[in-house]
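Work through the exercises below with the sequence and the model at hand. Try each task before reading its solution.

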Amino acid sequence: MSADARSGEASSAGPERPEEPTAKGAVSAPGPDGEPRKVSRRFPLFTRDTARPEGGGRAAPGDAPAPARQWPLLTVVSVVAVGLLLTAFDVFRMGTILVGLALLAAAVMRWTLPGVGMLAVRSRFTDMVTYGSLGLVIVLLAMMAQPKPWLEIPFLDDTLHFTISS
């Protein structure tokens, strides 16, 4: 004799399942009452939480030591530190170019790597534009620094003369 028959339940019908709630359209996680909620694709009027940036996962497996998991950020910070050290030792142009190149490398890593750890701050596009534009501006300004600039842009010289003479 089965356990179901001994307890007085009918074994032929099988266990009864509660009916699954259904919702049409876009559905999110169940609400407080357990029913699925319909959601809108519109942005909410008030933001209640922040989303993780794309690529914000670990850059190495979770069982790796902490420095290995954050190697993209540590690479960028290390190159920036070397650039600032060079700047402190009066190698201004090479130091600031190194800082700019570190930011350009951050933009490239953000674009190519699926997970960059804490280097991901915002969305992938915003991070790439921010890192890339700041890196490019720093490199260009370092190349145009006086004395003996490596890069001369004529209209900037005319703009400077116009603002001083007026």
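Helices (H or I, at least four residues) and strands (E, at least two) are DSSP runs, numbered from the N terminus. This is a predicted model: local features need pLDDT of at least 70, side-chain atom pairs count only at pLDDT 80 or more, and totals for chains, interfaces and linings use all residues. Residues are numbered from 1 along each chain as its sequence is written, and side-chain values use heavy atoms, with hydrogens and water left out.

**Exercise 1. Place arginine 93 and find what surrounds its side chain.**

Step 1. Locate the residue. Arginine 93 sits in helix H4.

Step 2. Check burial and charge. Arginine 93 is buried (under 20% relative accessible area; exposed is over 50%, partly exposed in between; 1.4 Å probe, protein chains only). Arginine 93 has no salt bridge (a side-chain nitrogen of Lys or Arg within 4 Å of a carboxyl oxygen of Asp or Glu). The nearest side chain of opposite charge is glutamate 152, 9.5 Å away. Here Lys and Arg count as positive, Asp and Glu as negative; His and the chain ends are not counted.

Step 3. Look for a polar partner. A polar atom of the arginine 93 side chain lies 3.4 Å from the backbone oxygen of methionine 143.

Step 4. List contacts (heavy atoms within 4.5 Å). Leaving aside neighbours within four places in sequence, arginine 93 contacts residues including Met143, Pro147 and Trp150.

**Exercise 2. Describe helix H3 and its buried face.**

Step 1. Take the length. H3 covers residues 71-88, 18 residues in total. From first C-alpha to last, H3 reaches 25 Å, close to the 26 Å expected at 1.5 Å a residue. The expected span is 1.5 Å times one less than the number of residues.

Step 2. Pick out the buried residues. In H3 these are Pro72, Val76 and Gly83. Seen down the axis of H3, they fall within an arc of 25°, so they line one face of the helix. The arc is that of the directions from the helix axis to the C-beta atoms.

Step 3. Find the cover. Helix H4 (92-112) is among what covers the buried residues of H3.

**Exercise 3. Which helices do the buried residues of H4 pack against?**

Step 1. Name the partners. The buried residues of H4 pack against H3 and helix H5 (124-144).

Step 2. Zoom in on H5. Glycine 132 is found there, buried with a relative accessible area of 16%.

Step 3. Trace the approach. Glycine 132 and leucine 104 are 28 residues apart in sequence and 5.0 Å apart in space, C-alpha to C-alpha. Not counting residues up to four places away, glycine 132 touches Leu103, Leu104, Ala107 and Asp127.

Methods. A polar contact is a pair of N or O atoms within 3.5 Å; within protein, one must be able to donate a hydrogen and the other to accept it, and residues adjacent in sequence count only if both atoms are side-chain atoms.
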